[in-house]
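Reader: I am new to reading protein models, and I would like to go through this one slowly. Please begin with the vocabulary, and then let me ask about one part after another.

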Amino acid sequence: MKYAIVLPDGAADVPLPQLGGKTPLEVARIPNMDWVAGNGRLGRFVTVPAGFTPATDVGTLSVLGYDPHVCYSGRAPIEAAARGLAVRPDQMVFRCNFVTIRGGLMQDNTAGHIRQDEADALIAALAAELADEGCEFHAGVTYRNLLLLSDAAGWTLRLAPPHDIIGQPVAAHAPRGTGVERIARILERARAVIAGHDVNRRRLEQGRDPVTDIWLWGQGRPAVLEPFAARFGPRAAVITGVDILRGMARLMGMEVIEVPGATGYIDTNYAGKGEAAVRALDRLDMIVAHVEAADESAHMGNAEEKVRALERIDAAIVGPLLERLAASPEWRILVAADHPTLTTTRGHSDIPPPFAFAGTGIAAVERAPFTEAAAERGGYWVTPAHDLMRIFVGA
Ligand SMILES: [Zn+2]
């Protein structure tokens, strides 16, 4: 059996006035996704269980068949896995953003999309100055860096994601739990290192806002996940432009296929991803193709761009995969959104997203297009959401 899974990140939405009261999935010309829904099972599932923040990490864990209650330990450890960092048993992994805090308010959770050379210089300075605090800083992509902190593995901490508190007083979101004194000291020392650094002198000369602070969040211990092949059977690979999916794939023992021009943004290389996905099926049982573009368009509040992203995913990835699968004696395909990203709020939502799967041994039931409303009308629920993978692979 050959399997394909296509994950258009954040594809689901709500009816939008700028689309005549329709959702992007309803407006987009997506004949291949519609074919999957109309010739198989169309349903909905709660990818983000109650108590979790709707995000790609939790949503995708559910879609790929892992219970977030058991398998989710934070965003930072997944990113550490993506970068192949070795985490010692006594260390806690934190996401370390560069941010700008002004007048006690979180002004910018990216420090003005800090340039890579600036971030690298600041991370090097922090690593040198704060080594005696048990801090191990790792540079990432611009504002998205990691901190491995020693003697902190058992901590229970509540830290706010900085993108959720923009414009709000940071004092209201101060760390709570064990280890807060040490966290406060690290933040304070980091503030001093950053304030006195050449990077900020140059930014001020250029009329740019300063970097003021690091912000720690998304912490956890590395999750140990049962390998996907042992759990479900198929040997799988993932194609993605984002570290969260890369990290999850590594933790699940899946291969990660890097496609040139896979940016994790709306300008991603759709055709390259489609071709790589088709090629991978020659030597593997399953390909998971993840595309971030629909999610990014919704975060920008751009409905037309979201429609365009869905159409490109359909034409350049789902279409070629269906063609390739049809050449195999036995095959199945699944299309699923990890969570809705609402163009109205520009944020993620915990509304249950739709999924559709079709192929060998799966009878057509709904004869409906791949839309939120059709999935709701059909009334097919998979609960809990992580059961879907077992149903899909027939294990
Ligand atoms: Zn997502």
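Author: Helices (H or I, at least four residues) and strands (E, at least two) are DSSP runs, and they are numbered from the N terminus. This is a predicted model, in which local features need pLDDT of at least 70 and side-chain atom pairs count only at pLDDT 80 or more, while totals for chains, interfaces and linings use all residues. Residues are numbered from 1 along each chain as its sequence is written, and side-chain values use heavy atoms, with hydrogens and water left out.

Reader: With those runs in mind, in which helix is Glu296 found, and which residues does Glu296 touch beyond four places in sequence?

Author: Glu296 belongs to a helix that covers residues 293-299, namely α12. A contact means heavy atoms within 4.5 Å. Once residues up to four places away in sequence are set aside, the residues that Glu296 touches are Gly264, Tyr265 and Ile266.

Reader: How many helices and strands does the chain have, and what is its radius of gyration?

Author: The chain is made up with 15 helices and 17 strands. Its radius of gyration is close to the 21 Å that the globule rule gives for 395 residues, so the chain is as compact as a globular protein of that length. The radius is taken over C-alpha atoms, and the rule is 2.2 Å times the number of residues to the power 0.38. The value for this chain is 22 Å.

Reader: What percentage of the residues of the chain count as buried?

Author: A residue is called buried under 20% relative accessible area, exposed over 50% and partly exposed in between, with a 1.4 Å probe and protein chains only. Along its principal axes, the C-alpha trace spans about 65 × 45 × 35 Å. Of the 395 residues in this chain, the share that counts as buried is 58%.

Reader: How far apart do the centres of the positive and negative side chains lie?

Author: Lys and Arg count as positive and Asp and Glu as negative, with His and the chain ends not counted, and each charge is placed at NZ of Lys, CZ of Arg, CG of Asp or CD of Glu. On this basis there are 39 positive and 47 negative side chains, and the distance between the centres of the two sets is 1 Å.

Reader: Which residues are the protein donors of the zinc ion?

Author: Donors are N, O and S atoms within 2.8 Å of the metal (3.2 Å for Na, K and Ca), and since water is not among the atoms, sites may look incomplete. The donors found here lie 2.0 to 2.7 Å from the zinc ion, and the residues are Asp9, listed twice through OD, Thr56 through OG1, Asp338 through OD and His339 through NE2. One pair links distant parts of the chain, with Thr56 in helix α3 and Asp338 in the loop between β13 (331-336) and β14 (341-342), 282 residues apart. Taken along the chain, the spacing of the donors is D-x46-T-x281-D-H.

Reader: Are Thr56 and Asp338 buried or exposed?

Author: Thr56 has a relative accessibility of 8%, and Asp338 has a relative accessible area of 4%. Because each of these values is under the 20% limit, Thr56 and Asp338 both count as buried.

Reader: Why is helix α3 described as largely enclosed by the rest of the structure?

Author: Helix α3 spans residues 56-63, and eight of its eight residues are buried, so the rest of the structure largely encloses it. Those buried residues are Thr56, Asp57, Val58, Gly59, Thr60, Leu61, Ser62 and Val63.

Reader: Which elements do the buried residues of α10 pack against?

Author: Seven of the nine residues of α10 (residues 243-251) are buried, so this helix too is largely enclosed by the rest of the structure, and among the buried ones are Ile244, Met248 and Leu251. The elements that they pack against are β1 (2-8), α3, α5 (75-82), β10 (236-239), β11 (255-257) and β12 (286-291).

Reader: Which residues is Glu79 in contact with, leaving aside its neighbours within four places?

Author: Glu79 has its place in helix α5 and counts as buried, at 4% relative accessibility. Its C-alpha atom is separated by 5.9 Å from that of Asp243, although the two are 164 residues apart along the chain. Its contacts, with those neighbours left aside, are Arg95, Leu146 and Ile244.

Reader: Which peptide bond is cis?

Author: The bond in question has an omega near -10°, and its proline is found in the loop between β17 (381-382) and α15 (388-393). The cis bond runs from Thr383 to Pro384.
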